[in-house]
Amino acid sequence: MSDTTVLQQEIAVEQQHVDRVYARLAELRRDASRAEKEGYRLAGVGTFGALVERDAMVFHAARRRHALDTEYEGLVFGRLDLKTGATHYVGRMGIRDDGSKPLVVDWRAPAAAAFYRATAAEPLGVVRRRMIQSSRERVIGIEDDLLDPDAAPDGMRVVGDGALLASLAKATGRGMRDIVATIQREQDEAIRSPASGVTIVTGGPGTGKTAVALHRAAYLLYSDRSRFAGGGILVVGPSGVFVEYIATVLPSLGEETATLRSLGSLVPGYDATRVDSGEVAAIKGSLRMRRVLERASHDAVPGAPTELRLLYRGTLLRLDANALDRIRRSALPRGARRNEVRGHGFDRVFDALWAQAREARVSGLPEKKEFESELADRTDFREFLKAWWPRFTPMRVLRWLADPGRLRAYANGVLSRDEIAALQGSFDALAEHGPTISDVALLDELDELMGRPRQPQRKTKNPFHVRDGIQEVSTYADRQAAARAQQVRREEDYREFAHVVVDESQDVTPMQWRMIGRRGQYASWTIVGDPAQTAWSGDPEELDRARDRALGTRKRNSYALTTNYRNSSEIFEVAARVIRTIMPDLPLPSAVRSTGVEPADVTVTTGGLPEAVRELTEKHLAEVDGTIGVIMPVPRHDEVAGWVAGLPERVQVVTALEAKGMEYDAVVLVEPAQIAIDPAGVRTLYVALSRATQRLTTVGTNPGWLP
């Protein structure tokens with residue numbers, strides 16, 4: 001029976017239970033509404049006792065109805081199959097059938113604790129743990145962990161990574177069973193690493209780094225919920241494709257406590273997907289860019305007035321370009337934030353004009369305060385100030401770098417001529433196409449350099465306020481719950497996370513480490529990556545310094561994952577041959593699974609490439625039931641996507657960079673030779689070659705790419 005058929009059958013099993021739960025939920029909602037209406041009828045009795053009883057009855061019924069309404073989405077998210085033979089479903093709230101038998105166990109109840117705490121090393125009586133993904137009332141996916149294979153009854157089905165571990169555990173010979181124990185032990189130790197400090201997890205393709213990172217987030221939320229749910233957990237991935245992928249894997253925890261962001265969407269207002277070439281990304285990612293941006297943030301505004309002329313009481317007051325430049329420089333010394341000292345600049349303009357007026361002995365010159373008030377009332381003067389020193393946005397300043405003269409001035413002595421020329425083309429596209437992923441870190445740096453104008457403090461709304469002088473009846477527990485809800489409702493650019501998870505950390509540039517670090521100043525960290533997969537082609541020492549600065553002096557705990565349990569040994573052998581051409585001494589994980597199917601390499605003419613790609617993709621669709629990744633060099637995404645247009649949704653078209661962290665049942669890799677054009681490209685090709693679990697086919701016009 002195919003894996004897809006098993007998955008569909010198991011989803012159908014869970015759907016039956018979920019249907020029972022929602023049917024019971026509908027009954028409870030009707031009961032709560034009925035009780036609320038009956039409570040209001042008590043007011044007709046006319047006694048004070050009846051009114052008190054009415055208030056209590058209505059309050060509790062309304063609160064129950066509200067809870068049933070708000071916990072509707074994804075109500076059931078887990079299942080525990082215990083060694084005793086019992087089964088517990090875990091969800092956002094506890095629900096019993098009309099005979100008081102539990103249909104769902106509240107995730108906060110002691111009976112649900114094993115859902116978060118059980119591991120392969122310490123199963124706590126759990127044989128199988130199942131995570132259930134739902135869209136409203138429909139089950140759309142399941143993922144299993146087989147925690148105690150020896151206790152699994154005959155016929156127990158295991159879906160997802162757990163199914164792979166189960167099949168390895170049941171393989172002939174003690175060796176395979178030892179490998180499974182090693183995989184689970186390595187991952188478990190990293191997941192349960194101390195909550196404080198920095199946990200660093202390294203491992204090659206297929207070793208389960210992402211699974212460790214996400215399970216660790218779940219473990220921390222359970223072990224110290226008040227700290228990590230209150231402060232929040234930030235999970236940062238390399239791309240939007242990757243974040244969308246892990247969003248379905250992260251187990252629901254009963255509330256929105258984890259924030260998932262890609263490097264291109266970490267700054268509010270931006271969701272960048274464009275990527276720069278390796279050369280340009282290395283320049284933009286370098287810490288030298290901070291000096292370039294600092295110069296830009298202090299420069300005169302393009303097109304701003306270069307002279308101020310005011311006729312005041314018959315006397316001409318004038319500030320020329322040199323005077324205005326001196327005022328700007330004195331109000332904006334190095335280290336000052338432009339948006340925060342805007343008022344100082346205006347004050348110095350007033351001072352200079354006042355000095356001129358006194359020197360010119362203006363007739364009837366009032367006191368300075370009145371003089372400033374008179375100027376401030378003039379529309380022409382206010383318009384000058386707004387044009388000369390406007391409120392700046394990071395994007396406005398970054399666009400100045402598209403001007404060749406300004407870019408050369410800002411980068412003079414910081415970047416080489418070749419680097420400046422390479423940057424020029426990138427910033428030229430900024431206005432039309434928006435920022436690249438690398439640009440987002442520059443925008444965040446500019447935001448830091450310029451600061452923000454002061455905003456009026458918003459009043460916190462009282463959740464129990466009805467109207468003037470009237471508040472809802474509330475208990476201490478209600479007020480505490482409302483306070484916790486207010487705590488989780490964070491500002492758009494929240495920067496006080498309690499824990500930060502960085503996945504695919506080997507691709508984070510020095511400037512991006514600064515961006516992430518601003519959001520993790522008070523956090524503990526989990527850093528997950530594989531140095532062999534890095535696309536960074538800049539100074540490795542600069543990268544280490546930037547990362548160390550972001551992490552601070554926190555204690556570090558390091559863990560290495562050594563077993564590749566996702567790639568077949570035949571597929572990983574090809575990837576290993578490629579990476580060893582530039583890193584011959586690199587310790588690689590051991591691929592323990594063999595399918596007996598060797599990867600295929602197809603060479604075609606340029607004209608025959610589109611047809612070949614489509615035919616090979618269709619071939620894999622017939623061979624495997626899962627996802628097929630079509631991976632290509634970054635510049636050819638749209639072109640290749642057109643070749644496979646119209647194929648089933650399980651065909652996913654991604655670039656070699658977007659493929660990082662992703663896994664597919666089969667992969668068609670297009671033009672591998674065009675990816676491996678330099679050492680950084682060889683590492684990217686290594687990533688692309690190690691995405692497939694069952695089938696790998698490479699196709700291109702150059703047959704000499706494989707060593």
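Student: What makes arginine 24 and glutamate 27 separated by about one helical turn?

Tutor: In this predicted model, arginine 24 and glutamate 27 both belong to helix H1 (residues 3–41), and because they are 3 residues apart there, about one helical turn separates them.

Student: Why is the contact of the side chains of arginine 24 and glutamate 27 called a salt bridge?

Tutor: The rule asks for a side-chain nitrogen of Lys or Arg within 4 Å of a carboxyl oxygen of Asp or Glu. For arginine 24 and glutamate 27 the N to O value is 2.8 Å, so the pair satisfies that cut-off and is called a salt bridge.

Student: Which of the words buried, partly exposed and exposed fits arginine 24, and which fits glutamate 27?

Tutor: Buried means under 20% relative accessible area, and exposed means over 50%, with partly exposed in between. Arginine 24 has 16% relative accessibility and therefore counts as buried, whereas glutamate 27, at 32%, counts as partly exposed.

Student: How do you know that arginine 695 forms a salt bridge with glutamate 623?

Tutor: The closest N and O atoms of arginine 695 and glutamate 623 are 3.7 Å apart, and since the cut-off is within 4 Å, the pair is counted as a salt bridge. Arginine 695 stands in strand E23 (residues 692–700) and glutamate 623 in helix H24 (residues 609–623), so that the pair, 72 residues apart, links distant parts of the chain. Arginine 695 is partly exposed at 22% relative accessibility, and glutamate 623 is partly exposed as well, with a relative accessible area of 33%.

Student: Why can one say that the pair of glutamate 671 and arginine 636 ties together parts of the chain?

Tutor: The side chains of glutamate 671 and arginine 636 meet in a salt bridge at 3.8 Å, N to O. Glutamate 671 lies in the loop between strand E22 (664–670) and helix H26 (672–675), while arginine 636 lies in the loop between strand E20 (628–632) and helix H25 (637–643), so the pair ties together parts that are 35 residues apart in sequence.

Student: What makes glutamate 671 and arginine 636 count as buried?

Tutor: The cut-off for buried is under 20% relative accessible area; glutamate 671 has 2% and is therefore buried, and arginine 636, at 16%, also counts as buried.

Student: How many salt bridges does the rule give, and which residues are linked in a network?

Tutor: The count comes to 47 salt bridges, and a network of them links a group of residues, among them Arg290, Arg337, Glu340 and Asp444.

Definitions and conventions. Residues are numbered from 1 along each chain as its sequence is written. This is a predicted model: local features need pLDDT of at least 70, side-chain atom pairs count only at pLDDT 80 or more; totals for chains, interfaces and linings use all residues. Side-chain values use heavy atoms; hydrogens and water are left out. Helices (H or I, at least four residues) and strands (E, at least two) are DSSP runs, numbered from the N terminus. Buried means under 20% relative accessible area, exposed over 50%, partly exposed in between (1.4 Å probe, protein chains only).
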